[in-house]
Amino acid sequence: MKILVCISKTPETTSKISFTDDNSEFNTEGISYIMNPYDEWYALVRAIELKEQHGGTITAINVGGSSNDVIIRKALAIGADDAVRVDTDPSDAYDAAAQIASYAQGKDFDLILTGKETIDYSGAEVGSMIAAELNLPFISLASKLDHDGTTAVLERDIEGGVEVIEVTGPLVVSASKGMAEQRIPNMRGIMMAKRKPLEVIPAVETETLVSTVSYSLPDEKGGVQMIDPDNMDELVRLLHEEAKVI
Amino acid sequence: MSVLVVADNSKGKFKKGALEAVHYGHLVAQLLGSECHAMVIGEADQPAQLGKYGAAKVHHLSDASYNHFDGQRYLAAITEVAQQIGATVVILNHSSAGKSLLGGLGVKLKAGVVSGANSLPDITDGFSVTKNVFAGKALATIKVNSPIKVLSLMGNSIPPQEVGEEAAVEALSVADPGSSITVKEQKTVDGVVPLPEAELVVSAGRGMKGPENWGLVDELADTLSATTACSRPVADTGWRPHHEHVGQTGVAIRPNLYIAIGISGAIQHLAGVNQSKTIVVINKDPEAPFFKAADYGVCADLFDVVPKLTESLKKFKAS
Ligand SMILES: Cc1cc2nc3c(=O)[nH]c(=O)nc-3n(C[C@H](O)[C@H](O)[C@H](O)COP(=O)(O)OP(=O)(O)OC[C@H]3O[C@@H](n4cnc5c(N)ncnc54)[C@H](O)[C@@H]3O)c2cc1C
Ligand SMILES: Nc1ncnc2c1ncn2[C@@H]1O[C@H](COP(=O)(O)O)[C@@H](O)[C@H]1O
């Protein structure tokens, strides 16, 4: 089975968020980046499990600059066989998707995996865009995935439960929690990763369809109002009269 | 020129977010001086009612083979309708279905996409909308440069309002491209409001000590008719089912009321809940970080204070 896993980077989750240039740019100073947890913990690990069951190859792909190589090496250390970096800073989700689709076109991947969303911009767009570009079916938010080489059986998170789905032939899947358990790269994996191929390819031309023009910080909370534990009637009154939520 | 809103439904009933999306579509159409059309796919109770929220016309694809969500066939159907009516803005609910379709629609319509928009567009200089980024730590204004725009509306951003009468419903048939997707089964819990749609949520964390104590949480939730949630370690250790896990790696919610019991308020937890309108935190540690994100705080032993809160609520409900 030939599997392509799309990996993106995101600021480390506890990063302090600030902006520069009149709030038009994200301030990257002091920010350390990690592999997007959905890509690392679920999509990549499930790909490795499927390879362990059925054989095959796993290629990790990232669209980004050379500073992303650290994250790509980590994917190789966890267990991808080889990697590709499309050498451009994607201008929007469509750019990232078009680059990945252009690489995947004609390479007969049985399965293309993405994370359900990148946790910085929470787009949840790139997977469905790749699928549409390649005219493949897309299953979003999959918390379970089995694949025997021809047919995939998935569980997809829906409001209040899951949906069991079967898909025959190649497909694109976005992974949500539950698809696999996080794996920590071991020493051997890290050593091997250094020798695994990381191909850098040029980007194709795309149109920029959306752009972020400014950022702002959300309104500060007014501060917490502490309630006497022996007076829960007061809390109920405030929820009813002041917050008007009950 | 028109605005097309896809009003998704579950087992024939419109989701709350679908009504919000229709009303939002109506407001966008007003801004642009165009008309709001709603599209309904599969069986639906009274599609005409979407007119009340602002749809001037409802297109209903009622063929029973569309009752189950199928990303491939839905995408083809929506694309066809959007092109037919010349939609310049297509609006989806930011639901499981919306998230599956959004990017694909962008590609098919050559449209820029904004997922999880939470405000009306600003059209003074082009077309831009805001959305939450960095797990709610910031708000970004995104400008869409393409002639056609595809948006999904974040739940609980725009309250749905009744503005009109029932709308005319037009039966729809579309070309069926076929599909390699088969939906085998839907496993949903009936009778409870699913977390992403819940207005009232009672959530608990490791402070509960063990699953045997959840009766306290359930009783409070029942009294409020609230949906229950939990922190990640609670789901990971199997005290509660995974679908209750809220936060950055779980479900992101924005109910009107979020009551957090015995949860420390780690940044990854807050990421999924800090958009709640009102947050109540019950924790015995005055230094718990959650208090900083709370509107109301109770610093006490949860085993003592939760039953008292439930009692007070019962009294309030009875009065
Ligand atoms: C990349 C990443 C993603 C993550 N994603 C998520 C996520 O999506 N959701 C999530 O929840 N976590 C997530 N986490 C984990 C998160 O960092 C915290 O570890 C977790 O939220 C803590 O859960 P908790 O508050 O239930 O437990 P604890 O941190 O152990 O807190 C328990 C709280 O209960 C209080 N308490 C104890 N006994 C009592 C009592 N008798 N009465 C009153 N209060 C009491 C304590 O004072 C304490 O504040 C993530 C972590 C990482 C690294
Ligand atoms: N620059 C990128 N390079 C490779 N994969 C990406 C990139 N951006 C997004 N993805 C993939 O698409 C998924 C969804 O991303 P998004 O649409 O940005 O939320 C991520 O979890 C990744 O798997």
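Visitor: Which residues are closest to ligand 2?
Guide: A residue is near a molecule if one of its heavy atoms lies within 4 Å of it. In this predicted model, 18 residues surround ligand 2. The closest are A:Cys6, A:Asp39, A:Thr118, A:Ala124 and A:Glu125.

Visitor: How far from an oxygen atom of ligand 2 is a backbone N or O atom of A:Glu125?
Guide: Polar backbone atoms of chain A lie by the oxygen atoms of ligand 2 at several points. For A:Gly115 the separation is 3.0 Å, and for a backbone N or O atom of A:Ala124 it is 2.8 Å. For A:Glu125 the corresponding value is 2.7 Å.

Visitor: What share of the accessible area of ligand 2 does the protein cover?
Guide: On its own, ligand 2 has 480 Å² of accessible area. The part of this covered by the protein is 92%.

Visitor: Which element gives the most to the shell around ligand 2?
Guide: By class, this shell has eight nonpolar, seven polar and three charged residues. Two elements of chain A give two or more residues to it: strand S8 (111–115) and strand S6 (57–63). With three residues, the element that gives the most is S6(A).

Visitor: Why is the site of ligand 1 shared, and between which chains?
Guide: Around ligand 1 there are 27 residues, and those that come nearest are B:Ser231, B:Thr249, B:Ser264, B:Gln268 and B:Asn283. Helices H5 (232–236), H6 (267–273) and H7 (302–318) of chain B each supply at least two residues of the shell. The surrounding residues nevertheless come from two chains, so the site is shared between chains A and B.

Visitor: How far from a nitrogen atom of ligand 1 is a polar side-chain atom of B:Thr249?
Guide: The shell around ligand 1 divides into eight nonpolar, 13 polar and six charged residues. A polar backbone atom of B:Arg206 is 2.8 Å from an oxygen atom of the ligand, and one of B:Leu302 is 2.8 Å from a nitrogen atom. The side-chain atom of B:Thr249 lies from a nitrogen atom of ligand 1 at 2.7 Å.

Visitor: Which residues in domain 1 of chain B lose the most area to domain 2 of chain B?
Guide: Chain B is divided into domain 1 (2–171) and domain 2 (195–318), whose centres are 32 Å apart over C-alpha atoms. Each domain brings 11 residues to the contact, and the area buried between them is about 810 Å², with 38% from carbon and sulfur atoms. On the domain 1 side, 59% of the buried area comes together from the residues that lose the most, B:Lys16, B:Ala135 and B:Asn156.

Technical notes:
Residues numbered from 1 in each chain as written. Chains lettered and ligands numbered in written order. Predicted model: local features only at pLDDT ≥ 70, side-chain atom pairs only at ≥ 80, totals over all residues. Heavy atoms only, no water. Polar contact = N/O pair within 3.5 Å; in protein donor to acceptor, adjacent residues only side chain to side chain. Areas by Shrake-Rupley, 256 points an atom, 1.4 Å probe, with all protein chains shown as cover. Helix = DSSP H or I, 4+ residues; strand = E, 2+ residues; numbered from the N terminus. Nonpolar A, V, L, I, M, F, W, Y, C, P; charged D, E, K, R; others polar. Domains from an automatic or database assignment. Contact = heavy atoms within 4.5 Å. Buried area = accessible area lost by both parts, 1.4 Å probe.
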